[in-house]
Amino acid sequence: MSNYDVKDLGQAEGGRRRMDWAEREMPVLRSIRARFKKEKPLKGLRVSACLHVTTETANLMVTLQDGGADIVLTASNPLSTQDDVAAALVNQFEIPTFAIKGEDKVTYFKHIRAALEHKPHMTMDDGADLVSSLFFIEMGRFEKLEPSLGAWAKGLSDEERKQMLKNVIGGTEETTTGVIRLKAMEADKILKFPVIAVNDALTKHLFDNRYGTGQSTIDGIIRATNVLLAGKNFVVAGYGWCGRGLASRARGMGALVIVTEIDPMKALEAVMDGFQVMPMDEAAKIGDIFCTVTGDINVIDKKHFEVMKDGAIVANSGHFNVEINIPSLARMSVGEPNLVRPFVEQYTTKDGRKINILGEGRLINLASAEGHPASVMDMSFANQALAAEYMAKNAKTLEKKVYSVPIDIDNEIARLKLEAMGVKIDILTDEQLKYLSSWEEGT
Ligand SMILES: NC(=O)c1ccc[n+]([C@@H]2O[C@H](COP(=O)([O-])OP(=O)(O)OC[C@H]3O[C@@H](n4cnc5c(N)ncnc54)[C@H](O)[C@@H]3O)[C@@H](O)[C@H]2O)c1
């Protein structure tokens, strides 16, 4: 395989312009890049990144490259790649990039193979597909791999497979679903190197998951459908960080928001935040637009499609395309779905209802829109860059566990972001410091 696989290098110029546009909104990452350029904290490290190939990710890649890393980038979702950006990374920054929007599963895993062939010292994942592939290969569990990746791995010697894993000093993980998978690997004692859960940083999930997913998911649904949200019953499945953001933004657009949950605490919070809460069995009958953001499987299932209104719009913004049981809808439908607009597949049920599935059930904010705005990815990717630097310095002393981003890094990112936004805050006086650390003052 050559050292890149992108759709069209001719798009590089446009991709570069959009990267520059995003960079203006990423002051924290810019300041890290300037320091990395001088200090080269990642010098000599091979990094394989499996992330959504967007303008913001491109700026992260350039930052890591300026920090001395030798990078390969592959897509973390078949539908999230921005082809012009992938072209710019190859053509203008000589970063080997393997990502094509709309690639099939075989190509997706052929690209993961390229990331593995890079023999990384460090992995940077979004959803843990790269790390899980690495572990399956090392364990010889080829049946768990996509067949062509499995066939390639089978052809390696035992020594080559083991060495591939031994090379890795540590990794980072971007999203909730990936962190859940990694913690399960840790519990099963198969995690073989330390990983920093970037998602667990406050400056990541409080902002990226909530405000980023909130806004960009609405953006994705609107770009795909041009539907008016005002007055519509908008069902949000999952009231976690992403769900909170999505519900509040949908309400802001005038939708009547219904939340479904399985966690009593989150459900109670949604009630007190002023949303209607009910089981999906009920919501399915009255919803006009549905969006899942749970990280769970078959949240919208056959029984829900059976009672949905004619014309319902169904989308997902959770990490994997398993939240909506599309195969069950296909079985309930006549013929193939119609692509009525880009990213809108219309199924006709046997009783004649039309149900519209957006973006093949993949994260709609990246499928039909551009993902999170750069301003919010500034903090997520500042965490990625600093986590990589931290891992490079400290990997030897870390155990084979999932670690949070050190709180000092988290706080520093918040401070830098406020500074860049021109927002000043108060500083504790000596008197206040003393008061807050004493028990003697009371009523
Ligand atoms: N689209 C994006 O760009 C983007 C960005 C960040 C995270 N994500 C992904 O979105 C998903 C959610 O992330 P999060 O940070 O909000 O996670 P979270 O853990 O904060 O929230 C998930 C919520 O879903 C609820 N839930 C689980 N199963 C459910 C079910 N069957 N019905 C209703 N609710 C259910 C949980 O109780 C929880 O409150 C993950 O897959 C994550 O990786 C996507």
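Just after helix α2, lysine 40 takes a positive phi of about 50°. That value, like the rest here, comes from a predicted model.

The helix that lysine 40 follows is a good place to start. Helix α2 covers residues 27–39, and its 13 residues, at 1.5 Å a residue, should span 18 Å; the end C-alpha atoms do sit 18 Å apart, so expectation and model agree. Which residues of α2 are buried? They are Val28, Leu29, Ile32, Arg33 and Phe36. Looking down the axis of α2, these buried residues fall within an arc of 135°, so they line one face of the helix. The cover over that face includes α1 (12–24) and α3 (55–66), along with α17 (374–394) and α18 (407–421).

Next come the cysteines. A disulfide is a covalent bond between the sulfur atoms of two cysteines. How many turn up in a search of the whole structure? The search finds 0 disulfides. For cysteine 50, the closest cysteine sulfur is in cysteine 242, and at 18 Å it is too far for a bond. Cysteine 291 is in no disulfide either, with the nearest cysteine sulfur, again that of cysteine 242, 9.5 Å away. Against a cut-off of 2.5 Å for the two sulfur atoms, that separation of 9.5 Å does not qualify. As for their surroundings, cysteine 50 counts as buried, at 0% relative accessibility, and cysteine 291 counts as buried too, at 1%.

Aromatic rings give a few contacts to look at. The count comes to 4 aromatic pairs. One of them joins tyrosine 108 and phenylalanine 109 in an edge-to-face arrangement, 5.0 Å centre to centre with 85° between the planes. Are these two residues buried or exposed? Tyrosine 108 is buried, with a relative accessible area of 4%, and phenylalanine 109 also counts as buried, at 13% relative accessibility.

Phenylalanine 207 and tyrosine 211 make up another pair: their ring centres are 6.2 Å apart and their planes lie at 35°, so this pair is tilted. Both residues belong to helix α10 (residues 202–225), where they are 4 residues apart, about one turn of the helix. Phenylalanine 207 counts as partly exposed, at 28% relative accessibility, and tyrosine 211 is likewise partly exposed, with a relative accessible area of 35%.

A charged side chain also meets a ring in this model. Arginine 244 lies over the face of tryptophan 241, at 4.3 Å from the ring centre.

Key. Residues numbered from 1 in each chain as written. Predicted model: local features only at pLDDT ≥ 70, side-chain atom pairs only at ≥ 80, totals over all residues. Heavy atoms only, no water. Buried < 20%, exposed > 50% of the residue type's maximum accessible area, 1.4 Å probe, protein only. Helix = DSSP H or I, 4+ residues; strand = E, 2+ residues; numbered from the N terminus. Expected span 1.5 Å × (residues − 1). Arc of directions from axis to C-beta. Contact = heavy atoms within 4.5 Å. Phe/Tyr/Trp six-rings, centres within 6.5 Å; stacked < 30°, edge-to-face > 60°. Lys NZ or Arg CZ within 6 Å of the ring centre and 35° of its normal.
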